[in-house]
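I opened my notebook to look at aromatic rings and at the charges that sit over them. I wanted to write down each thing I looked up, one entry at a time.

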Amino acid sequence: MKMKPTLYLIALSALVFSCATNPFTGKKTMALVPNSQLFPTAFSQYSQFLNENKVITGTQDAEMVTRVGQRIAVAAERWLNANGNEGYLNDYKWEYNLVDDATVNAWCMPGGKIVFYTGILPIAKNEAGVAAIMGHEVAHALANHGQQRMSAGYLQQGIAVAGNIAIKDENSRNAFNQYYGIGSELGVMLPFSRSHETESDQIGIYLMAIAGYNPDEAAELWKRMKANSGGDSPAEFMSTHPSNDTRIANLTKWAPSAKAEAKKFGVTTFRN
């Protein structure tokens, strides 16, 4: 089954005109769902999550999470403004909450809504460790990784539907579904996700340094993460995340550059 030239033009136009620009790399990224739609949905889901979970307030840990988050947000704005992206954060609504949950996790939704679980604090160990996690999670939001993953998912589904419509033979269609499913996941979606994690690691270590936190602590954090996992993790090519060793090596390599970038903003001493 052949698509008409008009359909090709429509599909191509949808991709060309549904793009955003990564403010850190300058590269075009998929944006099939605009932030004007994505942010309100994220804010609503965040409020629902807080209503359904135990939010901790008024403690030293809760205050630390907020303090670090605010410093990272200020660092992000300074860095973006200095690189010609004034106003980029106008639609972001920063919020930082600590939730009573033993899960070793933290996340930042599109638009700047952040949650830290109490379970990650012992591994963070210190304020700089929290800053390393905060910088990484905020970087996901700043680089619109959620928007890109959603767009890629829509594109992946669209190709699958088109293939099933185009292939009339049942055996060929079954083979397409099997190999396309495996191939698109291992060959496209997982590497795509790992590239986001690596990009967020690099952006995050710069953010924490500009915010005044020692970027050397980022690699130390991941050494603790590795110890906490007990070495029980899938092979990197089957994972959404780079391996712990890859992250440690990258963060160690990037720390001097992060300090040099922070120096441009007058930051020459760092908190641990």
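These entries follow the aromatic rings of a predicted model.

Entry one. I began with the total, and the count comes to 8 aromatic pairs. I then picked out Phe39 and Phe43, which form a tilted pair, with 6.0 Å from centre to centre and 40° between the planes. When I looked up where they lie, I found both in helix α2 (residues 35-52), 4 residues apart, which is about one turn of the helix.

Entry two. I went on to a second partner of Phe39, and here the ring centres of Phe39 and Tyr92 are 5.2 Å apart with the planes at 75°, so I noted the pair as edge-to-face, the angle being over 60 degrees. This pair links distant parts of the chain, since Phe39 belongs to helix α2 while Tyr92 lies in the loop between α3 (60-82) and β4 (95-99), 53 residues apart.

Entry three. Are these rings buried or exposed? Phe39 has 5% relative accessibility and therefore counts as buried, and Tyr92, at 7%, counts as buried because the limit is under 20%. I wrote down Phe43 as buried, too.

Entry four. I asked myself which residues form one aromatic cluster. The cluster consists of Phe39, Phe43, Tyr88, Tyr92 and Trp94.

Entry five. Last, I looked up charges over rings, and I found the charged end of Lys113 over the ring of Phe43, 5.0 Å from its centre. In another case, the charged end of Arg271 sits over the ring of Tyr213, 5.2 Å from the centre of that ring.

Definitions and conventions: Residues are numbered from 1 along each chain as its sequence is written. This is a predicted model: local features need pLDDT of at least 70, side-chain atom pairs count only at pLDDT 80 or more; totals for chains, interfaces and linings use all residues. Side-chain values use heavy atoms; hydrogens and water are left out. Rings of Phe, Tyr and Trp (its six-membered ring) pair if their centres lie within 6.5 Å; planes under 30 degrees apart count as stacked, over 60 as edge-to-face and the rest as tilted. Helices (H or I, at least four residues) and strands (E, at least two) are DSSP runs, numbered from the N terminus. Buried means under 20% relative accessible area, exposed over 50%, partly exposed in between (1.4 Å probe, protein chains only). A charge sits over a ring if NZ of Lys or CZ of Arg is within 6 Å of the ring centre and within 35 degrees of the ring normal.
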